[in-house]
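Hi,

Here is the structure I promised to pass on. Have a look at it first, and then read my notes underneath.

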Amino acid sequence: MKQSQFPLILYYHRVRDFDETVDVGLSISVENFENQIQYLKKNYNIVPLDSIVKKMRNVEPSSLTDIAITFDDGYKDNYDNAYPIIKRYNAPATIFLTTDYVGTNKLLWWDKLIFILSRLNPEEFKNIPFRDEIFPERIKYMVMECVKNIKKGKISLLINELKSLGSSKREFILNYLEENYGERVGINSIPRTFMSWDEIKEMSNNGVSFGSHTCTHSVLTEISYEKAREETIRSKRIIEEKIGKKVSAFAYPDGCLSDKIKNIVEKSGYLYAVQTFRGKIYEKADLFSISRKMIKEGHSKNIFRKFSKSLFTIELSGALDQLLLRKSRTENPYEKNLDRI
Ligand SMILES: [Zn+2]
């Protein structure tokens, strides 16, 4: 049975058992992930990302059942939970690393936000005066709502609001929260969040490929030309030095790109780059703007919270993306942006 009409590139972020009431859609449970891989192995031809791209480059027709698996950011749970499964099913995968985070317990800004806001005492938080020049009124309100009772919907709206502010204002707010409340909530004593170089090397020797997702997860369209160049060049060099293999793949943080950024990535020595927007892959596709499809927990779970082959099949067909895209345009203009991390 042919599930999709063109080769698919899937992308995940975290594979872990998680609290669904707070998670903003970036995690998938270990059991669900295994069911998905088992299903893909049976019904698709899981191939390395490189091989799909190679066919695109050579304008060779791809098999309709070719599918590639990718992960963004380089979370430690990729090693702990996803790696044993992809190894067991002999499924190739590519992980895009954020090199400054490798081996650390640092948190990417959205994780930092959730970590701090979910641990603050509303009373204590209320008494500390916000400064208007730092927090626009609507952000202040949204932050307070999350501190009172953090829920997926509220935190998602706040994340999208912060994304729309742009990197520098967002960074300012996150730094303010960390400086004032970070220690109180124990942000420095959390366990390691990202894979270590030893773990990466082990995976690299066992069928997992690595690409760059920049050094700091900066949105490249929001920083200077020089800084963007530094992010793409330095991250590539570090990964190559550590794993002793050439790095040819790049993934744009937040899926944000422009002609100028594509040019920087190409000139930095990458052979191709993937983004976050689901679209049809044609053989003559732009190699520096390759579409992927994000996979979420709900994409293969039915209303009884059980794995559903038919739901997953429909999801992979892409039919729902079109519907959701239409819905998100009319109901929630930010919904689509949540996938872009
Ligand atoms: Zn990312």
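Below is what I found, going from the overall picture to the helices and then to a few single residues.

First, a caveat: this is a predicted model, so please read everything here in that light.

**Overall**

The protein chain has 341 residues, and 39% of them count as buried. Its secondary structure adds up to 13 helices and 10 strands. If you look at contacts between residues at least 6 apart in sequence, 70% of them join residues at least 24 apart.

**The cores**

The largest nonpolar core contains 62 residues, and Ile9, Leu10 and Ala273 have the most contacts inside it. Strand β1 (residues 8-12) supplies the largest share of this core, with five residues. There is another core lying apart from it, made of 23 residues, including Trp109, Phe115, Ile155 and Leu162.

Which residues does alanine 273 touch, leaving aside those up to four places away in sequence? The list is Phe250, Ala251, Tyr252, Lys262, Val265, Phe288, Ser289 and Ile290.

**Two helices with a buried side**

Start with helix α2, which spans residues 49-57 and has Leu49, Ile52, Val53 and Met56 buried. Looking down the axis of α2, these buried residues fall within an arc of 95°, so they line one face of the helix. And what covers them? The cover includes strands β1, β5 (66-73), β6 (93-97), β7 (208-212), β8 (249-251) and β9 (272-274). Just after α2 comes valine 59, with a positive phi of about 50°.

Helix α12 (residues 309-317) is the other one to look at: Phe312, Glu315 and Leu316 are buried there. They cover an arc of only 95° around the axis, which puts them on the same side of α12. Glutamate 315 is one of the buried residues here, in case you want to find it in your viewer. Glycine 318 follows α12 and has a positive phi, near 90°.

**Helix pairs**

I went through three packed pairs.

- α1 with α3: helix α1 (residues 30-43) packs on helix α3 (residues 76-88) at an angle of about 25°, and their axes are 10 Å apart. Angles under 35 degrees count as roughly parallel, and α1 and α3 are therefore roughly parallel to each other. Their crossing is right-handed. The contact is made by Val30, Phe33, Glu34 and Ile37 on the α1 side and by Asn81, Ala82, Ile85 and Ile86 on the α3 side.

- α6 with α7: helix α6 (residues 137-148) and helix α7 (residues 152-165) have axes 9 Å apart and pack at an angle of about 150°. The cut-off for roughly antiparallel is over 145 degrees, and α6 and α7 are therefore roughly antiparallel to each other. α6 passes α7 in a left-handed crossing. From α6, Arg138, Ile139, Met142, Val143, Glu145 and Cys146 make the contact, and from α7 the partners are Lys154, Ile155, Leu157, Leu158 and Glu161. You met Ile155 above, as one of the residues in the core of 23.

- α10 with α11: the axes of helix α10 (residues 225-243) and helix α11 (residues 259-267) come within 9 Å and cross at roughly 40°. α10 and α11 are therefore oblique to each other, and the crossing is right-handed. Here Ala228, Arg229 and Thr232 in α10 meet Ile261, Ile264 and Val265 in α11. Val265 also turned up among the residues that alanine 273 touches.

**Two single residues**

Is glycine 166 buried or exposed? This glycine lies in the loop between α7 and α8 (167-182). It has 12 C-beta neighbours inside 10 Å, and 12 or fewer is the cut-off, so glycine 166 counts as exposed. Its C-alpha is 7.0 Å from that of glutamate 222, although the two are 56 residues apart in sequence.

Proline 7 sits in the segment before β1. With 24 C-beta neighbours inside 10 Å, where 20 or more is what it takes, proline 7 counts as buried. The C-alpha atoms of proline 7 and asparagine 45 are separated by 9.7 Å, with their positions 38 residues apart along the chain.

Shout if you'd like to go over any of this together.

Cheers

Definitions and conventions
Residues are numbered from 1 along each chain as its sequence is written. This is a predicted model: local features need pLDDT of at least 70, side-chain atom pairs count only at pLDDT 80 or more; totals for chains, interfaces and linings use all residues. Helices (H or I, at least four residues) and strands (E, at least two) are DSSP runs, numbered from the N terminus. Two residues are in contact if their C-beta atoms, placed from the backbone, lie within 7 Å. The arc is that of the directions from the helix axis to the C-beta atoms. A nonpolar core is a set of buried Ala, Val, Leu, Ile, Met, Phe, Trp, Tyr and Cys residues joined through C-beta atoms within 7 Å. Axes are lines fitted to C-alpha atoms, for helices over the stretch in contact, and angles run from 0 to 180 degrees between N-to-C directions. Angles under 35 degrees count as roughly parallel, over 145 as roughly antiparallel, 65 to 115 as roughly perpendicular and the rest as oblique. A crossing is left-handed if the near helix is turned anticlockwise from the far one by less than a right angle, and right-handed if clockwise.
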